[in-house]
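Colleague: Could we go through the helix packing together? I should like to hear the reasoning behind each term.

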Amino acid sequence: MSKKRVLVVGGSGYLGQHLLQGFSEIQGSPFDLAFTHHSTLPHPLISAIPHSRAFHVNLRSGEGFQTISHSFGQPHVVVNCAAISMPRSCEMDPAAAMSINVPSSLVKWLSSFDESNTLLIHLSTDQVYEGVKSFYKEEDETVPVNVYGKSKVAAEQFISTNCSNYAILRSSIIIGPQTISPVPKSLPIQWIDDVLSKGDKMDFFYDEFRCPVYVKDVVAIILALTNGWIAEGKQMQLILNAGGPDRVSRAQMAEAVADVRGYSTTLIKPVSASSVDRGVKSPADISMDITKLIQTLDISPTSFKEGVRLILETQASS
């Protein structure tokens, strides 16, 4: 049986690298893998996953997609991980946020194929929700409070209007080990660990809540969607909350790191999010109900505390 083609858009980013690694480790290598990158090609990633193919693509103009058509072919599955995901950056340049976060050039390219038999798995965010209650469900109204959330709502609407087959994953904060080719942005658990390890007191918000999700669970969700699509080929139009099972504040995240590491919790100073001007409005409680995810894909995401333990164990052994 011929291998199925999987394209990871934004493959050099944090989730993209973990995803390529997850696909490449499957027994029997059932997938032909390709990924797009915008900046410098990460050579450690190429070395670690030598059978994957890298393509330089400009997501604003779509330049580079035709090269994929000619030398890789129409993908069976495309996973879109590319985004400007820093809310403050989006606030400073809304036009750039919209042009990258709404995948118009990608969708236009996919619609150029004669047959619409590609599944688009798109990473959205919990920041599509307003943040005025706990445990949002997928059918709750999307009322984003910042440009990042607005760009992601626009992306969801664009995809649902223009794509025959899609799965939209509203992801919370993704936690996990560092990537093969280290990403420049600070990773949440590693940052907290680094701060607390120095023995200095640090402020952590006690009144903003998320459901952080372990990166390998996000990979498992995407693999399950991919395998289901390839096995059944039934029309898929799906929106799923992709979070972990625990609703936690930043202060509780820090307490979990302190507990695993044995740091004193007196280093953690709980403060209100309203005490800091971050240059962007942030929703207070965008915890998510993940019942639909569990029931649809039969996946039970890792608890937050276990995720922290796994991350810090990986860090200690590397």
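Modeller: Certainly; please bear in mind that this is a predicted model. In helix α5 (residues 94–101), the buried residues are Ala96, Ala97, Ile100 and Asn101.

Colleague: What puts these residues on the same side of α5?

Modeller: Around the axis they cover an arc of only 110°, and therefore they lie on the same side of α5. In general, an α-helix has 3.6 residues a turn, so residues three or four places apart point the same way.

Colleague: What covers the buried residues of α5?

Modeller: The cover includes α4 (87–92), β5 (119–125) and α7 (147–162). The axes of α5 and α7 are 9 Å apart, at an angle of about 30°, and the crossing is right-handed. From α5, Pro94, Ala97, Met98 and Asn101 take part; from α7, Val147, Tyr148, Lys150, Ser151, Ala154 and Ala155 do. This contact of α5 with α7 comprises seven nonpolar, two polar and one charged residues.

Colleague: Why are α10 and α12 called oblique to each other?

Modeller: Helix α10 (residues 250–261) and helix α12 (residues 304–317) pack at about 55°, with axes 10 Å apart. Angles under 35 degrees count as roughly parallel and 65 to 115 as roughly perpendicular; an angle of about 55° belongs to neither class, so the pair is oblique.

Colleague: Which residues of α10 and α12 meet?

Modeller: Gln252, Met253, Ala256, Val257, Asp259, Val260 and Arg261 of α10 meet Phe304, Lys305, Val308, Arg309, Leu312 and Gln315 of α12. The residues of this contact of α10 with α12 divide into seven nonpolar, two polar and four charged. The crossing of α10 and α12 is right-handed.

Methods: Residues numbered from 1 in each chain as written. Predicted model: local features only at pLDDT ≥ 70, side-chain atom pairs only at ≥ 80, totals over all residues. Heavy atoms only, no water. Axes fitted to C-alpha atoms, helices over the stretch in contact; angles between N-to-C directions. Helix = DSSP H or I, 4+ residues; strand = E, 2+ residues; numbered from the N terminus. Parallel < 35°, antiparallel > 145°, perpendicular 65-115°, else oblique. Left-handed = near helix turned anticlockwise from the far one by under 90°. Contact = heavy atoms within 4.5 Å. Nonpolar A, V, L, I, M, F, W, Y, C, P; charged D, E, K, R; others polar. Buried < 20%, exposed > 50% of the residue type's maximum accessible area, 1.4 Å probe, protein only. Arc of directions from axis to C-beta.
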